[in-house]
Amino acid sequence: MIEAKKVNFEYLESFSLKNINLKVQKGKILGIIGQSGSGKTTLLKLLAGLKEPSSGQININGTPLEPPSKKLIAGHRQIKMVTQQNTLFPNITIAENIAYEVRFFEKKYQNQRVSKLAKDLNISHLLGKFPRELSGGEIQRVMLAKAIADEPLLLLLDEPFANLDSIIKKKVMLNLQSVLRKEQIACIFVTHDIHDAFGMVDELFIIKNGRMVQKGTSEDIYNFPKNKYVALLTGDGFMLKTTEKEVFVRAENIDINPTGELEAEVINNIFKGAFYEIILEYNSNTIYALSKNIFPIGQKIRFDIHSVIHFD
Ligand SMILES: Nc1ncnc2c1ncn2[C@@H]1O[C@H](COP(=O)(O)OP(=O)(O)OP(=O)(O)O)[C@@H](O)[C@H]1O
């Protein structure tokens with residue numbers, strides 16, 4: 001559906017995207033994760049046809065994406081991008097804003113489409129209001145509805161859930177995922193929050209300094225991160241120095257139990273909701289374990305390490 005081959009891009013000398021290769025099929029979701037400034041938004045703009053690669057190719061449905069230099073208005077009619085910016089028309093209602101995207105269809109279909117999307121994105125109660133009467137999170141949901149209203153080939157999302165509280169976020173993410181699958185829309189979505197990505201994507205693309213570091217399913221990347229950058233971006237864990245080399249350990253692989261082979265001292269207990277993070281000192285390493293219970297600070301406890309991750 002969308003494919004980038006050997007794409008390069010430079011902002012003068014300050015930053016470059018190098019040799020980007022990616023492919024997203026119809027109805028699939030790719031998550032792009034990387035540190036601030038790693039090039040996520042720039043990559044989305046290239047894929048949206050808003051910026052032009054210096055070399056390489058971007059194809060949409062097998063056809064080369066027209067670069068902005070060849071178009072009167074940059075962008076592609078069937079590629080929709082949702083960012084944090086409010087681009088709603090201020091003087092018409094929310095229903096009219098969404099219906100505008102399907103204005104060339106008959107009225108009956110327009111109304112059906114608006115109601116269906118409003119239900120999926122939890123904005124039915126807002127349809128009669130004007131954009132100025134909405135909260136930031138409500139506006140984001142309307143922008144999502146507007147972006148998918150005319151069934152684009154590709155939906156590009158730049159931190160689309162940033163303004164949503166966790167209750168609404170879960171619902172909107174699941175509903176959006178199901179709409180994208182049902183309507184076979186390919187989606188690329190940039191986020192800082194790996195937990196948003198895990199629940200939403202079919203594949204992850206990890207970017208650092210404009211280069212792809214690792215690509216794969218969430219499970220693969222979480223369990224087999226290629227390096228420390230990927231490991232830390234995708235979840236909690238720590239480096240552990242052993243006599244031979246340094247390894248990476250996910251906190252959930254530390255098992256505190258009375259017959260454990262190793263011994264550590266409890267430094268602190270941090271409440272995380274469903275569990276406590278237990279900070280431990282082990283052989284001059286600060287390590288973490290997850291536990292349902294807290295332990296007295298200064299107490300020696302025994303533990304095992306179930307598995308470790310080796311980097312090349
Ligand atoms: N118009 C521009 N001209 C020159 N450099 C730019 C321009 N826009 C962005 N950059 C630089 O390119 C790099 C990548 O920026 P980009 O916005 O793609 O990163 P990002 O990964 O989306 O970051 P964040 O997560 O903070 O939004 C940054 O170092 C940024 O300063």
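**Two sheets, a shared helix and the shell around the ligand**

Strand β3 (residues 29-34) and strand β9 (residues 203-208) pair in the parallel sense over 5 bridges, where two strands are said to pair if DSSP finds at least two bridges between them. Strands (E, at least two residues) and helices (H or I, at least four residues) are DSSP runs, numbered from the N terminus. The structure is a predicted model, in which local features need pLDDT of at least 70 and side-chain atom pairs count only at pLDDT 80 or more, while totals for chains, interfaces and linings use all residues. Residues are numbered from 1 along each chain as its sequence is written.

Within the pairing of β3 with β9, the bridge partner of Ile-32 is Phe-205 in β9. These two strands belong to an open sheet of 6 strands, ordered β6-β7-β8-β3-β9-β10, in which the pairing is mixed. The edges are held by β6 (79-82) and β10 (211-216), each with a single partner strand, so one side of each is left without a neighbour in the sheet. From one strand to the next, the twist of this sheet averages 20°. Helix α1 lies across β3, β6, β7 (154-158), β8 (186-190) and β9, and runs at about 155° to β8; axes are lines fitted to C-alpha atoms, for helices over the stretch in contact, and angles run from 0 to 180 degrees between N-to-C directions.

A further open sheet is formed by 4 strands in the order β2-β1-β4-β5, with antiparallel pairing. Its edge strands are β2 (15-24) and β5 (63-64), each of which pairs on one side only. Strand β1 is joined to β2 by 7 bridges, the two running antiparallel, and Ile-2 has Val-24 of β2 as its bridge partner. The hairpin of β1 and β2 has 3 residues between the strands, and in this hairpin Leu-12 takes a positive phi near 40°. Between β1 and β4, which also run antiparallel, there are 5 bridges, and Glu-3 is partnered by Asn-59 in β4. Strand β4 (residues 55-60) in turn pairs with β5 in the antiparallel sense over 2 bridges, with Pro-64 of β5 as the bridge partner of Asn-59. Helix α1 lies across β1 (2-11), β2 and β4 of this sheet, running at about 120° to β1; residues are in contact if their C-beta atoms, placed from the backbone, lie within 7 Å.

The shell around the ligand consists of Tyr-11, Ser-14, Phe-15, Gly-34, Ser-36, Gly-37, Ser-38, Gly-39, Lys-40, Thr-41 and Thr-42, a residue being near a molecule or strand if its C-beta atom, placed from the backbone, lies within 6 Å of it. Helix α1 (residues 40-47) gives the most to this shell, with 3 residues. By class, the shell divides into 2 nonpolar, 8 polar and 1 charged residues, with Ala, Val, Leu, Ile, Met, Phe, Trp, Tyr, Cys and Pro counted as nonpolar, Asp, Glu, Lys and Arg as charged, and the others, Gly among them, as polar.

The axes of helix α3 (residues 107-120) and helix α4 (residues 136-149) come within 10 Å and cross at roughly 135°. That makes α3 oblique to α4, as angles under 35 degrees count as roughly parallel, over 145 as roughly antiparallel, 65 to 115 as roughly perpendicular and the rest as oblique. The contact is made by Arg-113, Leu-117 and Ala-118 of α3 together with Ala-145, Ile-148 and Ala-149 of α4. Among the residues in the contact of α3 with α4, 5 are nonpolar, none is polar and 1 is charged.

Note on methods
Two residues are in contact if their C-beta atoms, placed from the backbone, lie within 7 Å.
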